Each structure stands twice: as structure tokens, then as C-alpha cells.
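Student: I would like to take a close look at one part of this model, and I would be grateful for a careful, connected account of it.

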Amino acid sequence: MRFLACCTLLLTLALTAQAASKYDEAHQKIVDAGQLYDDPELQAYIDRIGQRLVAHSDEPDGKFTFSVLDTDVINAFAAQGGYIYISRGLLPYLENEDELAGVIGHEIGHITGNHHGRRKTADVTSKIISTAAYIFTGSGDLADASSMYGAELISGFGREMELEADGLGAEYMYRAGYDPQALLQVIGVLKDHEQFQRTAARASGRPGGTYHGVYATHPRNDKRLQTVIGAASELDDGTYIESPEIPGEFKQRTEGLVWGESVQSERDDNRFYHNKLEFTFEPPEGWTVQTTGQAVVASAPDRSASLTISLRRRDANASTQQVLEDNAKGDLSAGEALEQAGLKGYTAIASGAGSARRLAVIDYKYSYLLEGQADDFAAADPALLASIKSFRPTHPKERAAGAGQYLRYIRVPRGATVASIAADMNIPQAEAQLRLINGLYPRGEPRTGDWFKVVR
């Protein structure tokens, strides 16, 4: 019996270690994909708040990692392994550190409440990995990818677990010195944004997104939600708990926050980037690349070798191997399937009439046809094949970055209204957006001298 118990314990520890490694791997994919927002001071600020809440949670010695994602999607979510993510796009809608602590505390509650383990759906970690890979490839719209990322992790919890996470988060907030009622304010602001999104989505014919969407009504009308969060105040034993918030720090950390699409561009000087078709590859060192209306041609300095990339309409019913074989001239050898950055392809050598060429077909929106040739093919082929295998979609962070827009704080001038301030802002539905990020949706006006968020 002792032997069986020992084996069971060892197996449990092995599985736990394996699972932890899987979660760490999933997080690393996000890091490698360049999805974290590049602001060390903001990251440190959020980590400090998160770790304080953890210290007052039901798992004070637990390992938690807090990260800001560089996406304008309004979301926050918890993943197994103690990983908690807050999107850059959520932060402008918060008013202070208490509200930020409310978001973080709620997500900690999902982990300490073991909501991933209790949920009867597919493995969350596999979704993290698959979605991170989707984001990494650059396929599709980044906002859609990030939205899917968050939605996959949140939507399955259901009302009971969301309420439990709210209750746990409010409890941790109170113990840490934050005002639990701020969590109600956060949910209210996000519910206002959800309603705004639905109205805008109906006008454009697109589905609207949601955060904390399990609540059908606004929190001011949700008595059960109010009761769950209000229960945290019953923990009062007369001991004074000082708020950890440093006056003005939240404003300081969010001043200059990027608004909208990412402005971070991380391009490798050794790679060629096609901005319009959104693909990139690395030509052999020293080669030049020219773009024409029909093809992209990389050439050796002495013109002794070249790699030509052209495209054709993609046939969904034909494999890349079939397309290559149907279009190749000569005898094929050294056939090899390609799989890089989520793309499928096939390559082979075509020989005939005393010469050889390296051919490849890669599917990405179109079918890309790659043809490498050289005076000394045997010597050049390894470099041609390496260049072909470097072909991938442009990473979102590698796309050409614009000037960008940023969150700024101003003092409201005398006589100014939301509409008059919005008139100077170049963002869609500026007045509604200003109202949302300043807590004045759907109506209301700021007072002269108040700090007011704008986008410039």
C-alpha cells in the first residue's frame, strides 16, 4: 500500500511538473511573439499591485506572473500556471489604482478558485498555445486574434464562477488596502463599453465584443453582484488597513499609453519585408532584392544565383505538392514538406537539360511559387533552401509603424465640453470614446479644471 501511495505521489508530482512546464511554454510563446507591451515601468507597477494582492489571497506563496499585452482589445484574463494578462486597451478605461486592483484581483480569484480545473471544457493551455501561434504567424487580424485569445479563456467560466472570482477579488482587495467597491465601478464602465460596442457593431454589421459579459444587466441593477462584492466589507475587524496607492502614480504610469494599434515595429535588418502582401524572408547574405509588378527577385551580387518569388490564386482543393508537381518542368527529386510559422508548403529540385532548380510552393493567402537557380547549383542550393524556409508572414510587430496616438491628461479649459474637446481628436466616434474613458457615458460634462483623458 505504501509503495502504491509513493508511486501515486511521484506520478502526481511528475504530471504537475509537466503541466507547469506546459504553461510556462505557453507564456513563452506569447513573449516570443512580441505580444507584451514595451513599458518596463508600467509592467513593474502592475506586477507590484498583483503581488500585493497575491500576498493577501488564499495562495500567498503562489507563483503569479502579471503581464500587459500590446493590443487595443479591452480584456484581461487568467491562464493556468498563475499567468495573468491585462491588455493595454483596457487601461484607459480605468480611473485609478483601486479599479486596476479590482481587475487584477478578479483574475487572481479565477486561479485561486481553481476555475480552470472545475470548468468542463477543452484544455485551456492548448488554446493559449494555438492562439499564440495564430498571433505569431500574423495570419488574420491581430485584434481578432487577441479578442479570440481572451474570449476563449473567459467565456467558459459562467456566471457562478465569475461571481465567485468577484467575491474573492473583492476580499483580496480589502485585505490589501484597496476599496472593493471599485470593482463594481470597473464592471460598470466595461458594461457601458460593451453596450457602445454592440451599437457600433450593429451599424457596421460586425459582432460586438464583450468583457465580463456573463452579466446581462448593468452592475447598478445586479443585486447579487453587489451583495457578493459588498461582503468583503464584512471582514472589517476594526484594524486600519492603509491604502498602498501613491497619489498620482496611476496617472503617471498611464500617461503616454499607446491608443489603438501598436506602434512598436521590430524589423530585422537582414530580412526583406513586403508591406502590401505582408510576407517576409531572409535572402542569403549580401544579396539584393528587387520588387516588380510580377515578382520579387533576390540576386547574388555577381548575378550568379537568384531566388524568384511569384504568386498565383490559391486552389483550396490542391495541395502544395500537387501545385508544385503540376507546374514543374523536368524530373523532381529531394521532395520535402514544409511547415513554417503555421504555413504549409512543399519543395523539391527540378532537373533537366543539364541544369537544376530549387522549387517551392507555400500557401499563405495566395500560393507563393519560389524558384531558385545558380550557375553552381550544388554549392548554392543550401543557401537557397534556407532562404525558402525563412519565408513567413510578417509579424504584427514588424509591420510598418505609424506615428501613433497616445493617452494624455489635460486640465479641462473653462467652457469646454466633451464635444468641443473631441472635435480636435482624430479617432473614430471621438465623443463617445472620450465619454467612456472618462466615466461620462452616455452623458455628462466635465468640470473646469478637472483632469481629463484625451487621445493625441
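Student: Within what distance do the axes of helix α2 and helix α3 come, and at roughly what angle do they cross?

Tutor: This is a predicted model, in which local features need pLDDT of at least 70 and side-chain atom pairs count only at pLDDT 80 or more, while totals for chains, interfaces and linings use all residues. Residues are numbered from 1 along each chain as its sequence is written, and side-chain values use heavy atoms, with hydrogens and water left out.

The axes of α2 (residues 40-55) and α3 (residues 97-112) come within 10 Å and cross at roughly 60°, where an axis is a line fitted to C-alpha atoms, for helices over the stretch in contact, and angles run from 0 to 180 degrees between N-to-C directions. The two helices are therefore oblique to each other, since angles under 35 degrees count as roughly parallel, over 145 as roughly antiparallel, 65 to 115 as roughly perpendicular and the rest as oblique. The crossing of α2 and α3 is right-handed, meaning that the near helix is turned clockwise from the far one by less than a right angle. On the α2 side, the contact (heavy atoms within 4.5 Å) is made by Tyr-45, Ile-46, Ile-49, Gly-50, Leu-53 and Val-54, and α3 contributes Glu-97, Leu-100, Ala-101, Ile-104, Gly-105 and Ile-108.

This pair belongs to a protein with 14 helices and 16 strands, taken as DSSP runs numbered from the N terminus (helices H or I, at least four residues; strands E, at least two).

Helices also pack against a sheet elsewhere in the model, where seven strands form an open sheet with antiparallel pairing in the order β7-β8-β9-β13-β12-β11-β10; two strands pair if DSSP finds at least two bridges between them. Because β7 (288-291) and β10 (331-340) stand at the edges with a single partner strand each, one side of each is left without a neighbour in the sheet. From one strand to the next, the twist averages 15°. Within this sheet, β12 (residues 355-364) and β13 (residues 366-374) are joined by seven bridges in the antiparallel sense, and Ala-360 stands opposite Leu-370 in β13. Helix α11 (residues 320-327) packs on the sheet, touching β9 (305-312), β10, β11 (343-352), β12 and β13, with its direction at about 25° to that of β11. Helix α12 (residues 377-389) lies across β9, β10, β11, β12 and β13 and runs at about 5° to β12.
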